[in-house]
Amino acid sequence: MKQLFRDHLRQHCESVGWDMPVSLESYLVDLLAARLDRVDLIPDPSFAERYLILHRDHRIAELVDYADSCLFFTSLMPEYGSRRGLSLDYYATLGVSSYYTVGDHFHDDRYIQLGNWFYHLQKFLNSAIRPDVRLRLWHF
């Protein structure tokens, strides 16, 4: 399954003219493959409550999964947030902050890079599954 995701992401990179760093590609492939069979795509309690609990209790390892959920959610399920009256930027900000916290805690630049690239990756993943918005999102 991972190879299918890798092939699709590479094909999409070619179609939009983006040379994605290999480390980000590998991370995204793993993220997508890991979420195939999950039923808990939306955190319980809510995104905001989960964010506060994880930060308050210094559950840094769980913040990785939480940040990944924010990226997955904002990229592949953007309609959900708007139905709840919250913008995608709200959820994205939670994800970016979580990636930065994880990167700082573990001294791992990969998570800092994910935070830095969050909005770009969000648009990239969204346009990878929605060809109708591809042209609108990818004007450099």
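**Exercise 1.** Is Asp-57 buried, partly exposed or exposed, and what is its relative accessibility?

*Solution.* The model examined here is predicted. Asp-57 has a relative accessibility of 35%. A residue is buried under 20% and exposed over 50%, with partly exposed in between. Asp-57 therefore counts as partly exposed.

**Exercise 2.** Determine which residues are joined with Asp-57 by salt bridges that share partners.

*Solution.* Begin with the direct partner: Arg-59 forms a salt bridge with Asp-57, and their closest N and O atoms are 3.6 Å apart. Arg-59, at 29% relative accessibility, counts as partly exposed. Next, Arg-59 is also bridged to Glu-62, where the closest N and O atoms are 2.9 Å apart. Glu-62 is partly exposed, its relative accessible area being 32%. Glu-62 in turn forms a salt bridge with Arg-50, with 2.8 Å between the closest N and O atoms. This pair links distant parts of the chain, since Glu-62 lies in helix α4 and Arg-50 in helix α3, 12 residues apart. The resulting network comprises Arg-50, Arg-56, Asp-57, Arg-59 and Glu-62. In total, the structure holds nine salt bridges.

**Exercise 3.** Describe the lining of the largest pocket.

*Solution.* The volume of the largest pocket is about 160 Å³. Its lining includes Arg-50 and Glu-62, together with residues such as Asp-40, Pro-43 and Tyr-66. Two elements, α3 (47-56) and α4 (60-76), each give two or more residues to this lining. The largest share, four residues, comes from α4. By type, the lining residues divide into six charged, four nonpolar and one polar.

Conventions
Residues numbered from 1 in each chain as written. Predicted model: local features only at pLDDT ≥ 70, side-chain atom pairs only at ≥ 80, totals over all residues. Heavy atoms only, no water. 1 Å grid on protein atoms, 1.4 Å probe; cavity = no way out; pocket = protein on both sides within 12 Å on 5 of 7 lines; lining within 4 Å. Points joined across faces, edges and corners; volume = space filled by probe spheres on them. Nonpolar A, V, L, I, M, F, W, Y, C, P; charged D, E, K, R; others polar. Salt bridge = Lys/Arg side-chain N within 4 Å of Asp/Glu carboxyl O. Buried < 20%, exposed > 50% of the residue type's maximum accessible area, 1.4 Å probe, protein only.
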